[in-house]
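Biologist: I would like to learn how to read strand pairing and a ligand site from a set of coordinates. Could we take one case and go through it feature by feature?

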Amino acid sequence: MEFLNNLNSINDFNEAKQVIAGGVNSPVRAFKSVGGTPPFIREGRGAYLIDEDGNKYIDFVQSWGPLIFGHSDEYIQEMVLHTLKKGLSFGAPTTLETALAKEIIALYEGIDKIRFVSSGTEATMSAIRLARAYTKKDDIIKFEGCYHGHSDSLLVNAGSGLATFGNPSSLGVPQDFVKHTLVAHYNDITSVELCIKESEKSGNGVACVIIEPIAGNMGLVPTTKEFLKDLRDLCNQHNIVLIMDEVMSGFRAALNGSQNFYGVYGDLVTFGKVIGGGMPVGAFGGIEEIMSLLSPNGAVYQAGTLSGNPVAMSAGLATLEKLKQNPKIYQNLESLALQLTEGLQNIAQEFSIPLQVCVRGSMFGFFFNENPVNNFKDAQKSDTEMFAKFHQGMLQKGIYLAPSQFESGFICSCMDEDLIQSVLERAREVILEISNYER
Ligand SMILES: *Cc1c(COP(=O)(O)O)cnc(C)c1O
């Protein structure tokens with residue numbers, strides 16, 4: 001196998017490790033599960049990343065989703081520059097916040113009011129606080145394999161029983177902090193019913209269910225329409241707030257995220273990633289009745305020094321403007337995603353390697369797995385060694401995939417059929433190398 005020269009990245013990583021914990025500011029960036037040294041990025045142009053050694057990669061991560069128009073989009077940069085020349089932050093209201101809120105509300109059914117924060121983590125944390133205040137109940141339900149940021153009460157693994165309160169999945173999270181979090185199985189409505197029963201028996205009931213309607217954090221695993229509808233009904237019956245976490249799927253799977261696929265609406269919706277166009281932005285929104293409980297009108301406290309930051313708002317606004325001007329974009333991105341995943345599946349088949357693939361709009365996922373993946377347990381049966389080899393091989397050939405099988409991949413508008421074709425040709429070489437090695 002040929003190897004890229006990555007001496008600069010190796011040096012940069014070593015230097016970073018001297019002053020930054022683990023050398024990175026978000027753990028998956030360290031490439032621990034695939035091995036090797038993460039390329040240190042010098043710049044991004046369209047579909048490409050260029051690292052500190054001058055290697056060029058086709059980028060299927062796109063900053064983990066935000067960059068639907070690729071790197072260094074001219075219009076978005078212009079809008080950002082225009083705003084930042086007038087000041088970086090005021091800690092006072094600006095009309096840009098109203099403008100971005102209006103755009104989101106116009107596209108999403110069931111959202112009356114919005115509030116902006118600086119990350120997806122803050123958005124889900126605040127939405128849960130609101131739901132608890134609104135229902136005057138304490139317990140929450142999340143699904144195994146869904147990720148909603150790193151706030152304490154969401155860092156839980158499923159317990160051992162059928163419907164149990166979770167265990168902390170991180171050191172530093174006291175059992176007491178997660179004793180109100182129940183963990184259900186994705187796409188399994190019976191498990192949700194059991195959690196509700198358990199909560200109503202042992203406590204004062206469930207305040208909210210939080211779900212990624214299109215999960216992108218255990219690989220790409222969508223809900224079934226039937227499951228999501230049943231979940232909505234169940235929440236109605238038990239006075240439970242349904243929180244749709246669309247931090248990743250919002251404006252990524254479709255302009256109106258999961259609503260396009262399911263027609264099922266949450267009481268609260270959380271956003272991030274694309275609505276910030278590459279800047280740090282999160283948001284949560286929902287029906288008036290719930291949102292009116294937020295301080296300063298209501299008694300639910302929530303705040304942020306840089307919330308609704310003007311530069312970040314203008315990056316988001318520019319992104320949404322471009323998306324609206326280009327109504328065919330999701331169809332185009334989806335057909336590229338299908339070309340990629342179907343191509344990969346054909347290649348895998350040729351070498352008798354089991355591969356499951358999935359596409360939702362501009363999001364794609366693949367698992368080296370014998371069986372269809374409908375939940376976290378299915379996903380966990382995937383071959384991680386095979387993925388690590390595939391990832392390393394692709395990186396050597398100039399293709400930058402998420403350094404874990406349990407992440408979603410992203411197509412950006414700077415990609416085209418020829419580019420995907422060239423990726424498939426390289427993927428075929430990598431799989432050939434892997435299968436020779438296996439024999
Ligand atoms: C990325 C993500 C988050 C967390 O957002 P951060 O901005 O990283 O805090 C929450 N929920 C989902 C579904 C996400 O994909």
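**Sheets and ligand shell**

Modeller: The three strands of one open sheet follow the order E15-E16-E18, and their pairing is antiparallel. The model is predicted.

Biologist: Why is one side of strand E15 and of strand E18 left without a neighbour in the sheet?

Modeller: Strand E15 (356–360) and strand E18 (409–410) are at the edges with a single partner strand each, so one side of each has no neighbour in the sheet.

Biologist: What holds paired strands together in general?

Modeller: Strands of a sheet pair through backbone hydrogen bonds, in either a parallel or an antiparallel sense. Here E15 and strand E16 (residues 363–367) run antiparallel and are joined by five bridges. Met 363 in E16 is the bridge partner of Arg 360, and Phe 364 in E16 is that of Val 359.

Biologist: How many residues lie between the strands in the hairpin of E15 and E16?

Modeller: There are two residues between them, and Gly 361 in this hairpin takes a positive phi near 60°.

Biologist: Which helix lies across E15 and E16?

Modeller: That is helix H11 (residues 329–350), which runs at about 180° to E15. The angle is taken between N-to-C directions.

Biologist: What is the strand order in the sheet with mixed pairing?

Modeller: That open sheet has four strands in the order E1-E2-E3-E17. Strand E1 (41–45) and strand E17 (399–400) are its edge strands, each pairing on one side only. Strand E3 (residues 56–59) pairs with E17 in the parallel sense over two bridges. In E17, Tyr 400 is the bridge partner of Asp 59.

Biologist: Now the ligand. Which residues surround the ligand?

Modeller: Among them are Ser 119, Gly 120, Thr 121, Tyr 147, His 148, Glu 212, Asp 245 and Lys 273. By class, the shell has three nonpolar, six polar and three charged residues.

Biologist: Which atoms of Gly 120, if backbone or side chain, lie 2.8 Å from an oxygen atom of the ligand?

Modeller: For Gly 120 it is a backbone N or O atom, 2.8 Å from a ligand oxygen atom. Tyr 147 also places a backbone N or O atom by the ligand, 3.2 Å from a nitrogen atom. Asp 245 uses a polar side-chain atom, which lies 2.7 Å from a nitrogen atom of the ligand.

Biologist: How much of the accessible area that the ligand has on its own does the protein cover?

Modeller: The ligand alone has 380 Å² of accessible area, and the protein covers 83% of this.

Notes: Residues numbered from 1 in each chain as written. Predicted model: local features only at pLDDT ≥ 70, side-chain atom pairs only at ≥ 80, totals over all residues. Heavy atoms only, no water. Pairing = 2+ DSSP bridges. Contact = heavy atoms within 4.5 Å. Axes fitted to C-alpha atoms, helices over the stretch in contact; angles between N-to-C directions. Near = heavy atom within 4 Å. Polar contact = N/O pair within 3.5 Å; in protein donor to acceptor, adjacent residues only side chain to side chain. Areas by Shrake-Rupley, 256 points an atom, 1.4 Å probe, with all protein chains shown as cover. Nonpolar A, V, L, I, M, F, W, Y, C, P; charged D, E, K, R; others polar.
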